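These are my notebook entries on a single protein chain, written down in the order in which I looked things up.

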Amino acid sequence: MFTGIIENTGTVTDITSMGSNKTFWIKSLISNELKVDQSVSHNGACLTVEETAPGHHRVTAVEETLSKTTLSTWKTGDLINLERCMIMNGRLDGHIVQGHVDTTGVCVDRKDMGGSWEFTFTFPVNFGGLIIEKGSVSLNGISLTLFNISSELFTVAVIPYTFENTNMKEINIGVHVNIEFDIIGKYIQRMNSLIK
């Protein structure tokens, strides 16, 4: 479980394919602190650390993950948001993020607001029931607040710290992002479907 507060960014340094899986080597400032079997959010996708080397760590994405996230499009040199799993005796500064990406979205607008940035994303309409005005969403693992929502669009505002310390600065119109909707909304939607 994660909070959506990005600890650091990493860079993809190597990609290999084996069957339907892809293995990634990531270089980051926190790689030296990671341990094998540890869960780490990579652009919002929870992946298990399989190996470490000085300043690097290795993870593998299986077909299910590759089909529902942007990981299948990663290239060497890509900047990746990283967050280690939350410590249960700490503050939940963002919101509950599982690291289970629901779908991908596409940036359709980016505005410099003179001190902050606003990004608008489109997403598959069948997920429209999982968003509410001022609700939470995870984009590439970042906990953000939704506004100006519709059945297939939402906007988020990004403060300068988040913009500079995550890969949001690289999100332009046409770029795909990983989306995880709020787990509470998913449970409510599921319960409502069973009541009907």
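Entry 1: the barrel

Which residue in β12 is the bridge partner of Phe119? I looked it up in the model, which is a predicted one, and found that Phe119 has Val156 as its bridge partner in β12. I then asked how the two strands run, and noted that β9, residues 117-122, and β12, residues 153-158, are joined by 6 bridges and run antiparallel.

Following the strands onward, I found that they belong to a closed barrel of 6 strands, in the order β8-β9-β12-β11-β10-β13, with antiparallel pairing. On average, neighbouring strands of this barrel are turned by 45 degrees against each other when direction is ignored.

Entry 2: the open sheet

I turned next to another group of strands, and wrote down an open sheet of 7 strands in the order β4-β3-β7-β1-β2-β6-β5, in which the pairing is antiparallel. The edges are taken by β4 (45-48) and β5 (51-53), each of which has a single partner strand, so one side of each is left without a neighbour in the sheet. Here the average turn between neighbouring strands, with direction ignored, is 40 degrees.

At the β4 edge I checked the pairing in detail, and found that β3 and β4 run antiparallel and are joined by 4 bridges. For His42, the bridge partner in β4 is Ala45.

Entry 3: two residues in the sheet

Is Ser41 buried or exposed? Ser41, which has its place in strand β3, counts as buried at 2% relative accessibility. Its side chain reaches the backbone nitrogen of Gly44 at 3.3 Å. Apart from neighbours within four places in sequence, the residues in contact with Ser41 include Phe2, Cys46 and Asn81.

That last name led me to Asn81, which lies in strand β7 and is buried, with a relative accessible area of 0%. I wanted to know what the polar side chain of Asn81 meets there, and I found two partners. The side chains of Asn81 and Asn167 are joined by a polar contact of 2.8 Å, while a polar atom of the Asn81 side chain lies 3.1 Å from the backbone oxygen of Asn140. Leaving aside neighbours within four places in sequence, Asn81 is also in contact with other residues, among them Ile6, Asn8, Thr9 and Thr166.

Entry 4: the salt bridges

Side chains of opposite charge can pair when their charged atoms come close. How many salt bridges does the structure have? The count comes to 8 salt bridges, and I followed some of them one by one.

I began with Glu33, which forms a salt bridge with Arg84, with 2.9 Å between the closest N and O atoms. Glu33 lies in the loop between β2 (21-28) and β3 (39-42), whereas Arg84 lies in strand β7 (residues 79-84), so the pair ties together parts that are 51 residues apart in sequence. I also noted that Glu33 is partly exposed, with a relative accessible area of 44%.

Next I looked at Asp102, which forms a salt bridge with Lys186, the closest N and O atoms being 3.0 Å apart. This pair also links distant parts of the chain, 84 residues apart, since Asp102 is in the loop between β7 and β8 (103-112) and Lys186 is in helix α3 (residues 183-195). Lys186 counts as buried, at 18% relative accessibility.

Asp109 and Lys111 also meet through their side chains in a salt bridge, at 3.8 Å from N to O. Asp109 is partly exposed, with a relative accessible area of 25%, and Lys111 counts as partly exposed too, at 42% relative accessibility. Finally, I noted that Glu7, Glu33 and Arg84 are joined into one network by salt bridges that share partners.

Entry 5: the cysteines

How many disulfides does the structure hold? I found 0 disulfides, and I checked Cys46 to see why. The closest cysteine sulfur to that of Cys46 is in Cys85, and at 7.9 Å it is too far for a bond, given that a disulfide needs the two sulfur atoms within 2.5 Å. Cys46 is partly exposed, with a relative accessible area of 28%, whereas Cys107 counts as buried at 1% relative accessibility.

Technical notes. Residues are numbered from 1 along each chain as its sequence is written. This is a predicted model: local features need pLDDT of at least 70, side-chain atom pairs count only at pLDDT 80 or more; totals for chains, interfaces and linings use all residues. Side-chain values use heavy atoms; hydrogens and water are left out. A salt bridge is a side-chain nitrogen of Lys or Arg within 4 Å of a carboxyl oxygen of Asp or Glu. Buried means under 20% relative accessible area, exposed over 50%, partly exposed in between (1.4 Å probe, protein chains only). A polar contact is a pair of N or O atoms within 3.5 Å; within protein, one must be able to donate a hydrogen and the other to accept it, and residues adjacent in sequence count only if both atoms are side-chain atoms. Contact means heavy atoms within 4.5 Å. Two strands pair if DSSP finds at least two bridges between them. Axes are lines fitted to C-alpha atoms, for helices over the stretch in contact, and angles run from 0 to 180 degrees between N-to-C directions.
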